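Colleague: I have a model open and would like a close look at a single part of it, the place where the metal ions sit. Could you walk me through that part at a first-year level?

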Amino acid sequence: MKKVTTLGQFIIERQAEFPFAKGELSRLLRDIGIAAKIVNREVNKAGLVDILGDEGNVNVQGEEVKKLDVFANEQFISALSSGGECCAIASEENENIVHVSNDVSQNAKYVIAMDPLDGSSNIDVNVSIGTIFSIYRRISTSGHATLEDFLQKGTEQVAAGYIIYGSSTMLVYTTGCGVNGFTLDPSIGEFCLSHPNLKSPTTGKIYSINEGNALHFPEGIKEYIKYCQAEDKATSRPYTSRYIGSLVADFHRNLIKGGIYMYPSTSKAPNGKLRLLYECNPLAFIIEQAGGAATDGFERIMSKQISSIHERTPIIIGSSEMVEQAHAFMRIHTEVKA
Ligand code: AHG
Ligand code: MN
Ligand code: MN
């Protein structure tokens, strides 16, 4: 009988490695895991609500029907607020920082940035969606957290992870000691270790980008896409194009199989679409810990200075050799700025 290691057991067994003392990480991840299970339950019955023909905002069970983004946001904020380890949260769904006001959390040491529901456009069509989170140690010493606590470079993250609500529900995270993946076993309601010490293949045959924006891609990206599409048996080209439209799902596939995901600057999004704080930095931390790379086309994502919590950035992320290849095209085709 294969040994089952739950998320909680894993953290305790590995406690010595974590830059957390006295079980803070286990409580933080426990809180995230609880919210993830509640969101997972809601994700699995979202379609049902439509079948049950809820009227307005209240369904037949008398439950208020919320947009899943709002529901997920409320669940994660509530779980993190009651856990006592987090003093403030920056969320894609909230313009400003959410301060955890109960006195237990007031002086907690950590702040969390999150995208509570990633892939919103896919919620109503049964395509995988996710949650992304990033954990920093606060810089401010007491009282309300400050903006400065959140505007730390990605290299300052103490932990980062995501949940993918897909054919199975997985929680994948790193604390800087490698990447580990846990699959939710609904029969026991536990995340169980299923992908220990995840390493991403150094190269791959999948490229992922919304080619609908191709007209306005930077020249280097256009040339790299042509490289991906060229015939060359020796380098397994043409590659396969896969674009799910949920960053977490495209990222997770590339992490496991090898591949590259790009969201460059476009005409509609001159600084890229994805947010540096709670989408790009956490996934960059994970991919680097798994042996891959993440840049904005010129510099390492995790080294970027951040000036606002919803700041966007172009991103190229995935297998190290593929990111390097795309980078080479960006270098060649970027006019030397006068
Ligand atoms: P979110 O749902 O949190 O706003 O994120 C959506 C993001 C990302 O998940 C996805 O890869 C990308 O937006 C898709 O953007 P396009 O529809 O512009 O391709
Ligand atoms: Mn998102
Ligand atoms: Mn989102």
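Modeller: Here is a walk through the metal site, with a short look at the whole chain to set the scene.

Please keep in mind that this is a predicted model. The protein chain has 9 helices and 13 strands. With 338 residues, a compact globule would have a radius of gyration near 20 Å, and the chain has 20 Å, which agrees. Its C-alpha atoms fill a box of roughly 55 × 50 × 50 Å along the principal axes, and 53% of the residues count as buried.

Now to the metals. Two manganese ions, ligand 2 and ligand 3, are 3.7 Å apart, and aspartate 115 coordinates both. That makes aspartate 115 a good place to begin. This residue belongs to strand S3, residues 110-118. At 1% relative accessibility, aspartate 115 counts as buried, because buried means under 20%.

Let us take the manganese ion (ligand 3) first. Which protein donors does the manganese ion (ligand 3) have? They are Glu92 through OE, Asp115 through OD and Leu117 through O, lying 2.0 to 2.3 Å from the ion. Written along the sequence, the spacing of these donor residues is E-x22-D-x1-L. Glutamate 92 sits in the loop between strand S1 (86-91) and strand S2 (98-99), and aspartate 115 is 23 residues apart from it, so this pair links distant parts of the chain. Is glutamate 92 buried or partly exposed? With a relative accessible area of 23%, glutamate 92 is partly exposed, because that class runs from 20% to 50%.

Next comes the manganese ion (ligand 2). Asp115 and Asp118, each through OD, and Glu279 through OE coordinate this ion at 1.9 to 2.1 Å. Their spacing in sequence reads D-x2-D-x160-E. Here, too, distant parts of the chain are linked: aspartate 118 lies in strand S3, while glutamate 279 lies in helix H8 (residues 276-289), 161 residues apart. Both aspartate 118 and glutamate 279 are buried.

The chain as a whole also has contacts between residues far apart in sequence. Among contacts between residues at least 6 apart, 64% join residues at least 24 apart.

To pull the site together, picture aspartate 115 coordinating both manganese ions. Glu92 and Leu117 are among the donors of ligand 3, and Asp118 and Glu279 are among those of ligand 2.

Methods:
Residues numbered from 1 in each chain as written. Chains lettered and ligands numbered in written order. Predicted model: local features only at pLDDT ≥ 70, side-chain atom pairs only at ≥ 80, totals over all residues. Heavy atoms only, no water. Helix = DSSP H or I, 4+ residues; strand = E, 2+ residues; numbered from the N terminus. Rg over C-alpha atoms; globule rule 2.2 N^0.38 Å. Buried < 20%, exposed > 50% of the residue type's maximum accessible area, 1.4 Å probe, protein only. Contact = heavy atoms within 4.5 Å. Donors = N, O, S within 2.8 Å, 3.2 Å for Na, K, Ca; no water.
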